[in-house]
Amino acid sequence: TNSTTYPFEVIDVNDAPTGTSLSGTAIDENDDGGIVGDLTTADEDAGDSHTYTLSGADKDSFDVVNGQLKLKDGVSANYEEKNSYSVTVTATDSGGLTTSEVFTVTINDVNDAPTGINISRTGLMDNTEAAVVGTLTTVDEDAVDNHTYTVSDDRFEIVDGVLRLKSDQSVNLSDDSNIDLVITVTDSQGAEYQETVTIFVGGIRLDNYNLDENSDGSIVGKIVEVKGLDTTGVTYTLSGEDARYFELLSDGTLKLRDGIELDYER
């Protein structure tokens, strides 16, 4: 026998990458350009470099910058509109070989600040103590949230979402035809929103307050609707010490009852 040893050189050829991982898969909503996580690619070629491209249903919302998967600048997620995204990341090595992974990016629901205040009615009758103005509701993307309110004018209070005058307060049309109230709403996480609400003060006014004595059933005047006060569906009744002498006609005219005359000297 005869033996000979031959040396063989193993030539290193490019190995395809075998997988890509992502260090995080969740971001908070409302985070403009938020970073999802770092991309790393498994590759037997220890010194190989990799570039990344994106595809899939939500690729247009994302970028890869310095090896990080992130939302594009100017893009933020809204949990109430879309709570997860799907994106395919393809890693390409220096030899043009690739591997692809599909990642689901979950959106964390964070507290959204209120964005608006609505009020059911903005009219208020003058000289009426503890008068109710209207019910407040808040515009808030968080479907289930609690809200508390404060109002800038000490004559008013908000109880169980209802704006009203305090029990010992009233307003007068001659002093305030409209009142600007700054209402602050605070949600359960302490986020605030302010809005100015204008309250219109109205009252019952006659176009005349004089009548001659000795005039049977004479007309006093007609009710004047005060601009700014919603009087839809309003009806009028008479009360007070001398109400028995007067009546209201269907067209809003106040007059003495037939058979009634007034005597100035009495």
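Tutor: Two strands pair if DSSP finds at least two bridges between them. Strands themselves are DSSP runs of E, at least two residues long, and helices are runs of H or I, at least four residues long, numbered from the N terminus. This is a predicted model: local features need pLDDT of at least 70, side-chain atom pairs count only at pLDDT 80 or more, and totals for chains, interfaces and linings use all residues. Residues are numbered from 1 along each chain as its sequence is written, and side-chain values use heavy atoms, with hydrogens and water left out.

Student: What makes strand 7 and strand 8 a pair?

Tutor: Nine bridges join strand 7 (residues 84-93) to strand 8 (residues 98-108). A pair needs at least two, so they pair. The two run antiparallel. One bridge links T92 with T98 in strand 8.

Student: Why are strand 2 and strand 4 called edge strands?

Tutor: Each pairs on one side only. The open sheet has the order 2-8-7-4, with mixed pairing. Its twist averages 35° from one strand to the next; axes are lines fitted to C-alpha atoms, and angles run from 0 to 180 degrees between N-to-C directions.

Student: Why is T20 called buried?

Tutor: Buried means under 20% relative accessible area (exposed is over 50%, partly exposed in between; 1.4 Å probe, protein chains only). T20 has 6%, so T20 is buried. T20 lies in strand 1 (residues 19-22).

Student: How do you know that the side chains of T20 and T41 make a polar contact?

Tutor: A polar contact is a pair of N or O atoms within 3.5 Å; within protein, one must be able to donate a hydrogen and the other to accept it, and residues adjacent in sequence count only if both atoms are side-chain atoms. The contact between T20 and T41 is 3.3 Å, so the distance fits.

Student: What makes a set of residues a nonpolar core?

Tutor: The members are buried Ala, Val, Leu, Ile, Met, Phe, Trp, Tyr and Cys residues, joined through side-chain atoms within 4.5 Å. The largest such core has 20 residues, and L124, F156, L163, I183 and I199 have the most contacts inside it. Strand 15 gives the largest share, four residues. Apart from it lies another core, of 16 residues, among them Y52 and L71.

Student: How do you know that the protein is not a compact globule?

Tutor: The radius of gyration is taken over C-alpha atoms, and the globule rule is 2.2 Å times the number of residues to the power 0.38. For 266 residues a compact globule would be near 18 Å, but the protein has 38 Å. The C-alpha trace spans about 155 × 30 × 25 Å along its principal axes.
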